[in-house]
Amino acid sequence: MKTMSSFEQKFYRNLHWIRRLTQWAVVVFIFVVPFLNRQGIHAIIGTFYSIRIGHLDLMDPALMFQTILLTQNIYFPAILAGSIPIILALVFGRVFCSWMCPYNLLSEYVGALRKRVFPKKQTRILNHNPRPHWYWTVLGSIVTLLMVSGLPVITYLSMPGLISSQVADLVLHATIGVEISLVIILLLIEFFFAPHFWCKYACPVGAVLTLFHYKHTMRVQFDPKGCTCQDLKALSCNAACPLGLDPRHRDIYPYCYNCGECIYACHKHQGKSLSFSFQTNKQKNIIPLKFNEKQDGPFKEANL
Amino acid sequence: MLLEWLNKIAQYHAPLRPPGAVDEDEFLRKCIRCRRCEEVCPYDSIIMAHGEHGQKVGTPFIYARRIPCYLCMKCTEVCPTQALLPIKKEEKEKVKMGLAKIDTTTCLAYNGIICRACYERCPIYREAITLENEMYPVVHPEHCVGCGICENVCPNDPPSIIVKSAHA
């Protein structure tokens with residue numbers, strides 16, 4: 001078993017709250033930026049589509065590719081602006097989605113509310129990882145739509161950009177556009193029918209970031225030796241995953257967005273089997289699970 | 001009520017784009033709706049189109065009657081995709097946002113009342129708008145940049161001088 005430094009263990013034990021703090025800091029950020037602009041301070045301008053901090057330009061890589069496809073022309077500063085988020089995605093994976101995106105924060109709270117309101121629908125705790133081709137099919141169809149229609153479809157479907165620009169409108173002009181209803185419709189669908197479907201399958205912003213996932217990108221790694229849940233008929237990692245994945249398998253990518261909820265749940269239950277890693281474990285993650293869903297019925301979360 | 005609406009529709013003209021905007025078709029493809037131009041604008045001139053503008057949602061507009069463009073050119077510097085081409089502040093004569101047109105039937109000056117509001121406020125002073133016989137304002141299309149200041153200051157309501165967008 002991999003030895004963990006005390007810092008690492010401390011980080012994993014507080015992972016959930018560190019992430020929530022980051023997410024709320026980002027929410028505060030998108031309110032503060034237009035407020036400062038209104039006061040005449042233009043050090044930071046922009047939204048999640050593209051932002052300028054001092055003289056540092058940042059741009060959503062999905063929009064960078066969209067601009068290249070639509071204008072069929074490469075504008076070098078735009079490539080430079082898009083490359084910084086790409087480097088972040090190369091090193092840490094899709095952490096923008098799980099640690100910064102305001103839509104994901106809303107969606108996670110909607111998911112938590114759904115679990116409270118419809119507890120019966122949430123009994124199956126052992127998740128199945130969907131096959132990756134669904135993910136690429138959705139991205140492919142969005143790109144096809146983009147090329148055929150000549151409209152900036154990714155801009156229209158970028159939830160973080162939409163939310164932050166509506167917040168900017170709210171702060172700057174005290175109005176909100178009708179396009180915010182798209183966010184509300186998606187959240188209602190997630191609440192009643194398909195929790196977290198947008199982040200898991202459809203979001204083109206996240207999909208473009210996942211394109212840069214390679215073998216040394218940070219990933220959730222499972223080591224069966226430290227697992228404490230196997231005899232307890234409950235898998236806290238499966239229960240914790242907001243996207244409904246089974247993090248014990250390696251095939252969670254491209255769906256997993258490295259939020260670390262499974263790791264936090266594992267360490268909360270005195271387990272040590274899940275961790276972030278920059279290396280792909282060569283051994284196959286076949287878990288000798290002493291459990292049969294058909295015989296024992298659905299998992300229930302253990303009360304440890 | 002209906003007549004009022006019809007009048008409104010008849011008088012409707014497309015809002016202006018910020019200075020340096022490329023062709024409308026190209027603009028809609030290049031603009032990523034990031035709102036940097038809106039946030040950097042020191043006069044709050046630029047506001048964003050909402051859902052009712054269809055595919056133009058999120059793109060920057062200037063409503064001259066609300067706040068016109070004062071040609072500071074800050075927005076052209078911050079555009080990340082060159083939907084707004086950079087223009088230097090000293091070269092404000094090169095801007096082509098639209099063209100002002102005077103309605104001589106309602107213009108006060110043409111109706112015998114001394115009014116020089118548009119003439120005096122024009123940033124391309126004594127070039128874009130001149131006074132004929134020291135009395136009647138005349139727009140010179142080759143010099144007019146279409147900033148909308150004249151439309152903004154016109155004392156008539158609806159304004160007698162209207163800037164027609166070059167990006168309709």
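**Exercise 1. Determine how many residues each chain gives to the contact between chains A and B, and describe the chain B side.**

Solution. The contact draws 31 residues from chain A and 22 residues from chain B. Two residues are in contact if their C-beta atoms, placed from the backbone, lie within 7 Å. The model is predicted: local features need pLDDT of at least 70 and side-chain atom pairs count only at pLDDT 80 or more, while totals for chains, interfaces and linings use all residues. Residues are numbered from 1 along each chain as its sequence is written, and chains are lettered from A and ligands numbered from 1 in the order in which they are written.

Next, take the elements. On the side of chain B that touches chain A, H2, H3 and strand S1 (46-48) each supply at least two residues. H3(B) gives the most, with three residues. Helices (H or I, at least four residues) and strands (E, at least two) are DSSP runs, numbered from the N terminus.

Last, sort this side by residue class: nine residues are nonpolar, six polar and seven charged. Here Ala, Val, Leu, Ile, Met, Phe, Trp, Tyr, Cys and Pro count as nonpolar, Asp, Glu, Lys and Arg as charged, and the others, Gly among them, as polar.

**Exercise 2. Describe the fold pattern and dimensions of chain B.**

Solution. Chain B holds six helices and six strands. Their order along the sequence is α-α-α-β-β-α-β-α-β-β-α-β. The radius of gyration of chain B is 16 Å, close to the 15 Å that the globule rule gives for 168 residues, so chain B is as compact as a globular protein of that length. This radius is taken over C-alpha atoms, and the rule is 2.2 Å times the number of residues to the power 0.38.

The C-alpha trace of chain B spans about 50 × 45 × 25 Å along its principal axes. Of its 168 residues, 43% count as buried, where buried stands for 20 or more other C-beta atoms within 10 Å of the residue's own, placed from the backbone. Among contacts between residues at least 6 apart in sequence, 67% join residues at least 24 apart.

**Exercise 3. Assign the faces of strand S3 of chain B and find its partner.**

Solution. In a regular strand the side chains alternate between the two faces of the sheet. In S3(B) (residues 98-102), B:Gly98, B:Ala100 and B:Ile102 form the covered face, and B:Leu99 and B:Lys101 the uncovered one. The partner is S6(B), paired in the antiparallel sense over five bridges; pairing requires at least two bridges found by DSSP. Within this pair, B:Leu99 stands opposite B:Lys164.

**Exercise 4. Locate the backbone exceptions at B:Arg33, B:Met73, B:Pro158 and A:Pro254.**

Solution. Most residues other than glycine have a negative phi, and most peptide bonds are trans.

- B:Arg33 has a positive phi of about 65 degrees. Its loop runs between helix H2 (24-30) and helix H3 (36-40) of chain B, and B:Arg33 is buried, with 25 other C-beta atoms within 10 Å.
- B:Met73 has a positive phi near 70 degrees. The residue sits in the loop between strand S2 (60-62) and helix H4 (74-78) of chain B, and B:Met73 is buried, with 20 other C-beta atoms within 10 Å.
- B:Asp157 and B:Pro158 are joined by a cis peptide bond with omega near 0 degrees. B:Pro158 belongs to the loop between helix H6 (149-153) and strand S6 (161-165) of chain B.
- A:Tyr253 and A:Pro254 are also joined by a cis bond, with omega about 10 degrees. A:Pro254 is in the loop between helix H13 (236-240) and helix H14 (261-268) of chain A.

Methods:
Buried ≥ 20, exposed ≤ 12 C-beta atoms within 10 Å, placed from the backbone.
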